[in-house]
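Here's a walk through one structure, meant to be read with the viewer open. Take it one region at a time and rotate as you go.

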Amino acid sequence: MLMARVERFIKKLNEKHIEQFVMLNPKNITYVTGFTGDESLLLATPNKLTLVTDGRFVEQAKRELPDNVTIYRWQKGLLADTIKLINESGIDSVVFEADQLTYAKGRKFVDAISPDVIPMTGVVEEMRWTKDPEELANIKKAVQVVDATFLYILGEIHPGMTEMEVAAKMEYYMKTHGGEGTSFDTIVASGIRSTFAHGEASHKVIEAGDILTMDFGALVNGYASDMTRTIAIGDVDPKLEKTYYQVLEAEQAGIDAITAGMTSRELDGIIRGVFKKHGVEQYFIHGAGHNVGLDIHEGPYITSRPGEGDIKFQPNMLETIEPGLYYPGLGGIRIEDDVVVTEGKSAVLTTAPRRDLIKIPV
Ligand SMILES: [Mn+2]
C-alpha cells in the first residue's frame, strides 16, 4: 500500500511539473510514507525521497519507511539543513507547503533558497480525499469504538455527575476498547452549555432536565472517527424535543442525498432546506459536515462557500453529516454520523441509536 502511495505521489509531482517538493505537514508525510513521527520533513523529487529528521526519530523511521525513502539526520537544524540540501541540488525550482510555516519561518526559508520557490497548498491533501480499502478499514474500526462507547456511557450517565466525569469515562473506554486515543478533545455539553456548539467538557454538574450533547471520536492506526449524539436527562423543554426531530430530519436528508457526482453546495442546500422548511435555519450556526481521515477535519467540507461548494463528492470519500440547531438561553441539538460516499446511496458506518430522543431515567 505504501509503495503504491509513494508512486501516486511521484505521479502527482510529474503531472504538476514539480521538480522538488518540501512536505512539511506531518499527516501528509504519514500518508505518503507511513512515518508517524513529527518535527521532520520530506524532501521529494520524482527520483528521490528523503526524510529529514533528528536522532529521536531515526529508529522509528527505519521501521516505518518503505525502502525507497532515504533517512537524513540533520546537523544544524531541520530547515537549515534542508535549505543546504536544496541549494546544493542544482534543481531550478522548489515547491513548499505554504500553509505549514509561520510568516517568519516562511520568509527566512524563501530568502535563503537559491532556486525559485513556489508556494502551494493542497497537493497531498487532495490525494487524501478518497480513502483506499486499508484506510476505510481503519476508519470503520474507529467508528466501532465510538459506537460501543456511546452504548457504554448511556448506562453510566446520571444526574449529579460532571461533564468532565462523563468525558473521562468515555475516553478511558475508548482507549481500552480498541482506540489508541481520541481524535479531538471530547465535547460533553449539558443544559445551557449545549448552545456552545463546541463546548468541551467542563466541571458543570449534569442535572435532571438538561439536554446533553456528546461529540467525540476515536483514533485507530492514526485514523479518526467523529460522532455526535444528543440525549435528554429525564424530561426536557418540549421545544428541544421538537428540535431533536428537526435536526434528525435534516441529518437523514443529508445521509439519503449524498452521492458521487453531487456538489458540496447541492448537499448543503438539501440539509439547510429542511431547516428552512421549519423556519429555523438561522439557528444552524456551523458547517453541515466534513471529510475525515488522518485528520479529524479534511476537505471537502459540506458547504455553499464559493469555490469549495463546487467540489463534487467522489466514491470512497468519508463524510460526516452533522446539522445542529442552537437556541441561546435554552439549549442546542446536534446529531452526526459518518458515511462513505458511493455511486448510489451512502453507506452509514455509525450505528449508535438516534431514531428517538434517548431519555436517561432520573
Ligand atoms: Mn464533525
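In this predicted model, the largest pocket holds about 440 Å³ of space. Its lining is made up of 24 residues, and those nearest the centre are Thr30, Thr36, Asn221, Gly222 and Leu294. Four elements give two or more residues to that lining: α1 (2-15), α2 (26-33), α7 (133-154) and β11 (223-224). The largest share, 4 residues, comes from α2.

So let's look at α2 itself. Of its 8 residues, 6 are buried, so the helix is largely enclosed by the rest of the structure. The buried ones are Asn28, Ile29, Thr30, Tyr31, Val32 and Thr33. At the start of α2, Asn25 brings a side-chain oxygen to within 2.8 Å of the backbone nitrogen of Lys27. After the helix comes Gly34, with a positive phi near 90°.

Back at the pocket centre, Asn221 deserves a second look. You'll find Asn221 in the loop between β10 (218-220) and β11, and its phi is near 50°, a positive value in a residue that isn't glycine. With a relative accessible area of 49%, Asn221 counts as partly exposed.

Now for the metal. Which residues coordinate the manganese ion? The donors are Asp226 (OD), His290 (NE2), Glu322 (OE) and Glu336 (OE), at 2.1 to 2.4 Å. Along the sequence they are spaced D-x63-H-x31-E-x13-E. His290 sits in the loop between α10 (264-277) and β13 (318-321), while Glu322 sits in the loop between β13 and β14 (324-327), so this pair ties together parts that are 32 residues apart in sequence. Both His290 and Glu322 are buried.

Glu336 is a good donor to zoom in on. Its place is in the loop between β15 (331-334) and β16 (337-340), and with a relative accessible area of 0% Glu336 is buried. Leaving out residues up to four places away in sequence, Glu336 touches Asp215, Asp226, Met227, Thr228, Arg229, Glu251, His290, Thr320, Ile321 and Glu322. Among those are Asp226, His290 and Glu322, which also coordinate the manganese ion. The side chains of Glu336 and Thr320 are joined by a polar contact of 3.3 Å. If you want a long-range pair, try Glu336 and Gln252: they are 84 residues apart in sequence, with C-alpha atoms 9.9 Å apart in space.

Asp215 turns up again around Thr186. Is Thr186 buried or exposed? Its relative accessibility is 4%, under the 20% cut-off, so Thr186 counts as buried. This residue lies in the loop between β7 (181-182) and β8 (187-190), and its side chain makes a polar contact of 2.6 Å with the side chain of Glu171. Beyond neighbours within four places in sequence, Thr186 is in contact with Ala167, Met170, Glu171, Met174, Glu200, Ala201, Asp215 and Phe216.

Another threonine, Thr259, is found in the loop between α9 (238-257) and α10. A polar atom of its side chain lies 3.3 Å from the backbone oxygen of Thr342, and the backbone oxygen of Glu343 lies 3.0 Å from a polar atom of that side chain. Setting aside neighbours within four places in sequence, Thr259 is in contact with Phe313, Val341, Thr342, Glu343 and Gly344.

The loop between α10 and β13, which holds His290, has some backbone details worth checking. Pro300 lies in it, and a cis peptide bond joins Gly299 and Pro300, with omega at about -5°. Asn316 lies in this loop too, with a positive phi of about 70° although it is not a glycine. Its relative accessible area of 32% makes Asn316 partly exposed.

Finally, zoom out to the annotated domains. An unreviewed UniProt entry lists "domain: Creatinase N-terminal" over residues 5-128. That stretch is 42% helix and 22% strand, and its end C-alpha atoms are 10 Å apart. For "domain: Peptidase M24", UniProt (again unreviewed) gives residues 138-343. Here the chain is 32% helix and 19% strand, with the end C-alpha atoms 22 Å apart.

Methods: Residues are numbered from 1 along each chain as its sequence is written. This is a predicted model: local features need pLDDT of at least 70, side-chain atom pairs count only at pLDDT 80 or more; totals for chains, interfaces and linings use all residues. Side-chain values use heavy atoms; hydrogens and water are left out. Buried means under 20% relative accessible area, exposed over 50%, partly exposed in between (1.4 Å probe, protein chains only). A polar contact is a pair of N or O atoms within 3.5 Å; within protein, one must be able to donate a hydrogen and the other to accept it, and residues adjacent in sequence count only if both atoms are side-chain atoms. Contact means heavy atoms within 4.5 Å. Donors are N, O and S atoms within 2.8 Å of the metal (3.2 Å for Na, K and Ca); water is not among the atoms, so sites may look incomplete. UniProt positions are given in the numbering used here, feature names are shortened, and annotations may be inferred rather than shown by experiment. On a 1 Å grid over the protein atoms alone, a cavity is a set of points where a 1.4 Å probe fits but cannot get out, and a pocket is an open set with protein on both sides within 12 Å along at least five of seven lines; lining residues have an atom within 4 Å of a point. Grid points are joined across faces, edges and corners, and a volume is the space filled by probe spheres set on the points.
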